Amino acid sequence: MRSIARLDRGFHEIPGPKQWPLVGSLPDFMGQGPGIHRVHKAYYLKYGPIVRINLLGNQEVIVYDPNEYLKVFRQESNFPTGFVGDLWMVHEIFKTRPYKSFVQSQGIEWQQKRREVQKYVMSPAVAASYLDAINDTAKKVSSRIDVLALSSKSNQVELKQLTKYISFDLFCSAALGKSLNTIDPANADPRDLQMVEDSSGSLNRTVKLMEKPYAKYIPTREYKECESMYQGVDRRGHELVQQAVQDLENGLAVSDETGPIVHRMLAGGVDPVAVNGELAALLGASVDTTQHVILWLLLNLATHPAAQQKLSSELDSVLGGADYTKEVQAKLPYMKAVIRESHRRNHTNPLLTMRRLDSDISLCGYNIPAGTRITFNGADIQQDPKVVENAERFFPDRFLPEQVALRQHDKTLSTLDHKLLATPFGFGARMCVGARLAESEVWALICRLLQDFELRLDPPNQTWDIAMPFMTIADPYPSISFIRRAQTPSKA
Ligand code: HEM
């Protein structure tokens, strides 16, 4: 075990809010509703880059400085626990399920299962191979938005529910080789619509149960709903995996480079029960996360016409109506900057990366004992006016290469370009396994929609707050109109 550096201050000297007997810092969060992000921001402003809190007796350290948190990743074991490690309800529920996915596993079991799954999801070549199916789904989304916009008086499209279905359909294009078309609920299979609700609902119940540790002993309504939703996903997943088994028996050809995730796993010899368990876990981790990234991108573009126009011009000149491809990514610096700026300004969930280390660690000059929950909050430092000029403003140009180069020698300003802040996918051995897939989904969708439509906040004077029931969202999510652009002759 690492010995404590002589100059380190003690754990209890870490600044932070008052800790009351039994409840700890919980009173700060009570009455905030879905405003947990506001409490964390207030802590950062008041106490600085490291804060010690206590939730119902559990000590937790929040680290806001990416340079400091990088030390955590450097010291993590080969089997980090991650966010799910602390979710008692997931462990309870999966004790009785037929299969436990890598996400619900720990230690060597996690590593073996994750290695097996990531073969089919994570490498650049594998992720790129799903792009044709993703682009097909993006086109379907565009057609559906056309129908919805034209059926509304002023081209408004209700995005909050639709983006959940978009996210599900995009994931299914990679996982099953086709969109399940839930974006058109009247014509979709009700079992698929239910699967979307169960997948997203189980995650949301899980988050709510985190605030109710007593539910472990007295099963609450939320716990029972959570359990039944996990079962619901499993049921429909079983049918979809069986369908994939049939597809293979009927001669569907797959290889290392082609075919949907589920079919490739089956062809690679993974047991169908395991394929179903991993499918459910991937789905659960993908729907709400991707949905909220899309929601913020669309809103930031709709509310910033100049940025939208600049993006649209870039897409016109590089793609000219054609689909997004991985090869073209390097020619779209403004698109990259838009995605990065949307993540900076509206982080979708700054509290998903957490670790417990096997040995003590020194962070910001304090000793953190082994086993302490250490959470990375990458959102608030990116809003700090000392680090980011005009932090409130949505200004993608700040991430164009020439702007990045200008600040590279400034210790404070270059923090913004730290690798831990660059993406929303976490880092280290337990980073998001779907990062490349999610990136393909978001790029393909935004490239398609921004080539096909102009987005307008309509009516223009809407206001909203930011809520964080689980992911951050504009609340109420405003109305956006989609005005079809004149067709560009396609380069496809
Ligand atoms: C833009 C959308 C997404 C965001 C923002 C996101 C973000 C994250 C984050 C922050 C983590 C935790 C990383 C850490 O602990 O350091 C994570 C884990 C994970 N993500 Fe994603 N994710 C997204 C999309 C996806 C997709 C599409 C999939 C599935 C294909 C996926 C599957 C997973 C899984 C399975 C884990 C847990 C990994 C493990 O426990 O080993 N995610 N994600």
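This section describes the strand pairing, helix packing and ligand surroundings of a predicted model.

The β-structure is considered first. One open sheet contains four strands in the order β1-β2-β7-β4, and the pairing within this sheet is mixed. Its edges are formed by β1 (50-55) and β4 (353-356), each of which pairs on one side only. From one strand to the next, the twist averages 25 degrees. Strands of a sheet pair through backbone hydrogen bonds, in either the parallel or the antiparallel sense, and both senses are represented among the four strands, as the mixed pairing indicates.

At one edge of this sheet, β1 is joined to strand β2 (residues 58-63) by six bridges in the antiparallel sense. Within this pair, Ile-50 is placed opposite Val-63 of β2. The two strands form a hairpin, with two residues between β1 and β2. Leu-56 belongs to the loop that links β1 and β2, and its phi is near 50 degrees, a positive value in a residue other than glycine. On passing from β2 to β7, the sense of pairing is parallel, again with a stated number of bridges, namely four. Here Ile-62 stands opposite Thr-375 of β7. At the other edge, β4 pairs with strand β7 (residues 373-376) through four bridges, in the antiparallel sense. In this pairing Thr-353 faces Phe-376 of β7 as its opposite residue.

A further open sheet is made of three strands in the order β3-β11-β8, with antiparallel pairing. The edge positions are taken by β3 (156-157) and β8 (453-457), and each of these strands pairs on one side only. Strand β11 (residues 480-484) runs antiparallel to β8, and five bridges connect the two. Leu-457 is found opposite Ile-480 of β11.

Two cis peptide bonds are associated with loops that involve these strands. The bond from Asp-458 to Pro-459 is cis, with omega near 0 degrees; Pro-459 is located in the loop between β8 and β9 (465-467). The bond from Asp-475 to Pro-476 is likewise cis, with omega near 0 degrees, and Pro-476 occupies the loop between β10 (473-475) and β11.

Two helix pairs were examined for packing. Helix α7 (residues 131-150) and helix α8 (residues 159-176) have axes that come within 8 Å and cross at roughly 150 degrees. Since angles over 145 degrees count as roughly antiparallel, α7 and α8 are therefore roughly antiparallel to each other. Their crossing is right-handed. On the α7 side the contact comprises Ala-133, Ile-134, Asp-136, Thr-137 and Val-141, and on the α8 side Ile-166, Asp-169, Leu-170, Ser-173 and Ala-174. By class, these contact residues comprise six nonpolar, two polar and two charged.

In the other pair, helix α9 (residues 190-210) packs against helix α10 (residues 221-249) at an angle of about 145 degrees, and the axes are 8 Å apart. The crossing of α9 and α10 is left-handed. The residues contributed by α9 include Arg-191, Asp-192, Met-195, Asp-198, Arg-205 and Lys-208, and those contributed by α10 include Glu-222, Tyr-223, Glu-225, Met-229, Val-233 and Arg-236. The contact of α9 with α10 has seven nonpolar, six polar and eight charged residues.

The ligand is surrounded by 30 residues, of which the closest are Ala-285, Ser-286, Gly-426, Cys-432 and Gly-434. Two or more residues of this shell come from each of the elements α12 (272-302) and α17 (435-452). The greatest contribution is that of α12, which supplies seven residues to the shell. Divided by class, the shell around the ligand consists of 19 nonpolar, nine polar and two charged residues.

Definitions and conventions: Residues are numbered from 1 along each chain as its sequence is written. This is a predicted model: local features need pLDDT of at least 70, side-chain atom pairs count only at pLDDT 80 or more; totals for chains, interfaces and linings use all residues. Axes are lines fitted to C-alpha atoms, for helices over the stretch in contact, and angles run from 0 to 180 degrees between N-to-C directions. Angles under 35 degrees count as roughly parallel, over 145 as roughly antiparallel, 65 to 115 as roughly perpendicular and the rest as oblique. A crossing is left-handed if the near helix is turned anticlockwise from the far one by less than a right angle, and right-handed if clockwise. Two residues are in contact if their C-beta atoms, placed from the backbone, lie within 7 Å. Ala, Val, Leu, Ile, Met, Phe, Trp, Tyr, Cys and Pro count as nonpolar, Asp, Glu, Lys and Arg as charged, and the others, Gly among them, as polar. A residue is near a molecule or strand if its C-beta atom, placed from the backbone, lies within 6 Å of it. Two strands pair if DSSP finds at least two bridges between them.
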